Amino acid sequence: MSQQDTPAPGTVGTPLDPAFFDCVNQYLELTNKHAQQHGLKRTSIAALYAAARFNAHVYLSVEGDAAAARTEFLDYMTTLYRRMLNEHLDGLGQERNIPK
């Protein structure tokens, strides 16, 4: 999976697809239901674990030379997650009047 083939949502020059946000919202609805039953922390860890498993599956399914590109993929996904998490901390923090 080449990073050039998979732009992050919202990156400069990348249009935001409404279907992407529909998918995100459906996923969040499911995690909110799980959080009511299992608690926020357990659901958060379960979501991260599931995302890691799914992303590993996708990577191994599409990458021609998984062993050679593994470190690059890990770096890319780590950077992408950190950026998305930081953006959400800023946005939700602002909505909730929590300073940075």
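Select F20 first: with a relative accessible area of 34%, this residue is partly exposed in the predicted model. Its neighbour in sequence, F21, should be added to the selection; F21 is also partly exposed, at a relative accessible area of 36%. Display both side chains and turn the view until the two rings can be compared. F20 and F21 form an aromatic pair of the edge-to-face kind, with 5.1 Å from centre to centre and 80° between the planes. A search of the whole structure returns 2 aromatic pairs, and the tour now turns to the other one.

Select Y59 and F73. Their ring centres lie 4.1 Å apart and their planes meet at 15°, so this pair is stacked. The cut-off behind that assignment is an angle under 30 degrees between the planes. Y59 belongs to helix α2 and F73 to helix α3, and the pair links distant parts of the chain, 14 residues apart. Are these two residues buried or exposed? Y59 has a relative accessibility of 4% and therefore counts as buried. F73 likewise counts as buried, because its relative accessibility is 8%. The limit applied in both cases is 20% relative accessible area, under which a residue is called buried.

From F73, extend the selection to the whole of helix α3, residues 66–95. This helix has 30 residues and spans 41 Å from its first C-alpha to its last, close to the 44 Å expected at 1.5 Å a residue. Where does α3 bend? Centre the view on E72, where the helix bends by about 30°. Next, colour the buried residues of α3, which are A66, A69, F73, Y76, L80 and G93. F73, from the stacked pair, is thus met again in this set.

For the last stop, switch to a surface representation and select I45, L48, Y81, M84, L85 and L89. Together these residues form a nonpolar patch on the surface, with about 550 Å² of accessible area. Which helices supply at least two residues each to the patch? They are α2, covering 40–62, and α3, covering 66–95. The most is given by α3, with 4 residues.

Finish on L48, a member of the patch that is located in helix α2. L48 has a relative accessible area of 40% and is therefore partly exposed. That value satisfies the requirement of over 30% relative accessible area for residues that make up a patch.

Notes. Residues are numbered from 1 along each chain as its sequence is written. This is a predicted model: local features need pLDDT of at least 70, side-chain atom pairs count only at pLDDT 80 or more; totals for chains, interfaces and linings use all residues. Side-chain values use heavy atoms; hydrogens and water are left out. Patches are made of residues with over 30% relative accessible area and no salt bridge: like charges are joined within 9 Å, nonpolar side chains (Val, Leu, Ile, Met, Phe, Trp, Tyr) within 5 Å. Accessible areas come from the Shrake-Rupley method with a 1.4 Å probe; for residues, only the protein chains shown count as cover. A salt bridge is a side-chain nitrogen of Lys or Arg within 4 Å of a carboxyl oxygen of Asp or Glu. Buried means under 20% relative accessible area, exposed over 50%, partly exposed in between (1.4 Å probe, protein chains only). Rings of Phe, Tyr and Trp (its six-membered ring) pair if their centres lie within 6.5 Å; planes under 30 degrees apart count as stacked, over 60 as edge-to-face and the rest as tilted. The expected span of a helix is 1.5 Å times one less than its number of residues. The bend at a residue is the angle between axes fitted to the seven residues ending there and the seven starting there.
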